[in-house]
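Please open the model in a viewer and display it as a cartoon. The tour below proceeds by selections, each followed by a description of what the selection contains.

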Amino acid sequence: MDKNARICIVGGGPAGLSAGMYLEKKGYTNYTILERLDRVGGKCWSPTYNGRRYEMGAIMGVPSYYAVHDVEEFCGITHDGPKLNRNYKNGQGKVIEPFEPKKNLFKIPRLLKMKKQIKKLGEILETKYKGYDLNGHRGVSEGRYEGFSQTNAKREPVSGTNPNLKDLSLPFNKFCELNGVELTQDVWIGPFTSFGYGYFDEIPAAYVLKYLDFQTCMNFVKINLWTWKNGTQYIWEQLNDHLMHPAVLSQTIEKVERKDDKVYVTANGETKEYDYIIVTAPLYIPDKRADGQIGMVDYFDARDDEKELFSKIDYERYDVLAVETKPEDHPEISYYVFDNMVPAKLGHLMVYYRRWRDTKDQVITTYALRKHKDMEEVPYDVCRQTVLDDLKVMGNPASNVINEWSVYYFPHVFSEDYKNGWYEKVEAMQGKYRTFYAGEIMSFGDMDETAEYSRELVERFF
Ligand SMILES: Cc1cc2nc3c(=O)[nH]c(=O)nc-3n(C[C@H](O)[C@H](O)[C@H](O)COP(=O)(O)OP(=O)(O)OC[C@H]3O[C@@H](n4cnc5c(N)ncnc54)[C@H](O)[C@@H]3O)c2cc1C
């Protein structure tokens, strides 16, 4: 491709900004990033409270966040945030230690069985499911793997056939049953469902295991995690500051037309011509959202195949509140509430996060899901009230809500579409209309997977 190609990137979140960085590193300097909001970072949103930044969006990373590490190196920053720690409560607010045999004598057989199954899962992932942990989903439904190894920062190209990979289109609970490792869900659920990624009876195993590959899940268990003092948004603000062309903010894209081998983008009333466009913003949003976000099919001259495929995308309704508490009600640590991580407890508090250890003068952030594929969506206000009631049950009532949002979160497709080759079809469309698709749907809804996908997209096509 011509290094002078004019490339428009839609979205100034981790995927869009990383696309800019990797293009620049490869010698493509004629790119423009258009961002809808008046800030960069997307779901990495770290507002300030009493002089310190807290997290409304992304919080943590693991040592295998190689793409995020590329960004850190590019900007000369590091993960310098407060160490994470957590305890557990049951649904009645009692502190529990669910994984400690001495505290759960009656559960010892189950815990021993769980330990064995975790070992077994680790083994089959390396053997039976070789190739499962590559970034993105290319080839999986056809029993192939194709991408770049994620075992170290070098990310060597790898590919092969492995028909067993087709099992990854099953919902994760069915995948575990198939392999006799049902009890591993007790461990995987913490960093999955409570982090807003949905329930194991609805989400294909591919998403679960590509994000929580064995090594990453063990990093969560051992709390071997990264955070950033100035918040995850700082990573992307820094990247934006170091790019040759920082994102153009507050852009409302009214129209994108792809014709005559060019791409015409009209934003804030002005039309500009490009050679290619990379979309990292949502591709499809089924219903009108209160925050005004729309999918690309609504402002592009979307073709039938784009409309058809992207209409299969669903997303999670993940709600975050930032609350103040009275000092005497302030939690001493972050808590996970496993009892509330099941569909029957839709709309309930699943986890709450205390960020700083040295002060009670901070907000606590709470997390709840209010949608399941087979259930009626819990309305926003009902969920909000339920979470506030749950905080009382937990013994940490809120005195005030200072910030809140319902996030367009973790776009994904369900098992049937995954199995029927949704990703193969979309991957085959890359570049077809001078358009490339990146961002969360193409890999997984975390900072590193999206940044890594942008890296690979640039490697593959530019
Ligand atoms: C509560 C919460 C907790 C999380 N925790 C973690 C965590 O601990 N670790 C982790 O790695 N990840 C975490 N994540 C996920 C992570 O933040 C996202 O997966 C990541 O930000 C995705 O990057 P992206 O660029 O693909 O999308 P986004 O971050 O959503 O960025 C997309 C950008 O596109 C912009 N945009 C949208 N529409 C348009 C348009 N029409 N025109 C122009 N611009 C547009 C948006 O404003 C946004 O800036 C969390 C997210 C949330 C909300």
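Two residues are taken to be in contact if their C-beta atoms, placed from the backbone, lie within 7 Å. The model is predicted, and residues are numbered from 1 along each chain as its sequence is written.

**Helix 1 and helix 8**

Select helix 1 (14-25) together with helix 8 (residues 232-242). The contact defined above brings Pro14, Leu17 and Met21 of helix 1 against Trp236, Leu239 and Asn240 of helix 8. By class, this contact comprises five nonpolar residues, one polar residue and no charged residues. The axes of helix 1 and helix 8 come within 10 Å and cross at roughly 35°, and the crossing is left-handed.

**Helix 2 against helix 8**

Keep helix 8 selected and add helix 2 (residues 66-75). Here the two axes come within 9 Å, with a crossing angle of roughly 50°; helix 2 and helix 8 are therefore oblique to each other. The crossing of helix 2 past helix 8 is left-handed. On the helix 2 side, display Val68, Val71, Phe74 and Cys75; their counterparts in helix 8 are Ile235, Gln238, Leu239 and His242. This contact of helix 2 with helix 8 holds six nonpolar and two polar residues, and no charged ones.

**Helix 2 against helix 14**

Next, replace helix 8 with helix 14 (447-461). The axes of helix 2 and helix 14 come within 7 Å and cross at roughly 80°. Angles of 65 to 115 degrees count as roughly perpendicular, and helix 2 and helix 14 are therefore roughly perpendicular to each other. Tyr66, Ala67, Val68 and Val71 of helix 2 make the contact with Met447, Asp448, Ala451, Glu452 and Arg455 of helix 14. The residues of this contact divide into six nonpolar, no polar and three charged.

**The ligand shell**

Now centre the view on the ligand and select the 36 residues around it. Which of these come nearest to the ligand? They are Gly11, Gly13, Gly42, Lys43 and Ala58. Helix 1, helix 14 and strand 17 (400-412) each supply at least two residues of the shell. Colouring the shell by class gives 17 nonpolar, 13 polar and six charged residues.

**The four-stranded sheet**

Select strands 2, 1, 12 and 18, which form an open sheet in that order with parallel pairing. Strand 2 (31-34) and strand 18 (435-437) are at the edges and each has a single partner strand, so one side of each is left without a neighbour in the sheet. Neighbouring strands of this sheet are turned by 20° against each other on average, direction ignored. Zoom in on strand 1 (residues 7-10), which is joined to strand 2 by four bridges, the two running parallel. Within this pair, cysteine 8 stands opposite threonine 32 in strand 2.

**The seven-stranded sheet**

Move to the open sheet of seven strands, whose order is 6-5-14-15-16-13-17 and whose pairing is mixed. Its edges are strand 6 (95-96) and strand 17, each with a single partner strand, so one side of each has no neighbour in the sheet. In this sheet, highlight strand 13 (residues 314-324) and strand 16 (residues 364-369), which pair in the antiparallel sense over six bridges. Alanine 322 stands opposite threonine 365 in strand 16. Then add helix 11 (residues 380-393), which lies across strand 13, strand 16 and strand 17 and runs at about 45° to strand 13.

**The hairpin**

Finally, select strand 10 (residues 262-267) and strand 11 (residues 270-274), paired in the antiparallel sense over five bridges. Display tyrosine 264, and opposite it glutamate 273 in strand 11 will be found. How many residues lie between the two strands of this hairpin? There are two, and asparagine 268 in the turn has a positive phi of about 45°.

How values were computed:
Predicted model: local features only at pLDDT ≥ 70, side-chain atom pairs only at ≥ 80, totals over all residues. Near = placed C-beta within 6 Å. Nonpolar A, V, L, I, M, F, W, Y, C, P; charged D, E, K, R; others polar. Pairing = 2+ DSSP bridges. Axes fitted to C-alpha atoms, helices over the stretch in contact; angles between N-to-C directions. Parallel < 35°, antiparallel > 145°, perpendicular 65-115°, else oblique. Left-handed = near helix turned anticlockwise from the far one by under 90°.
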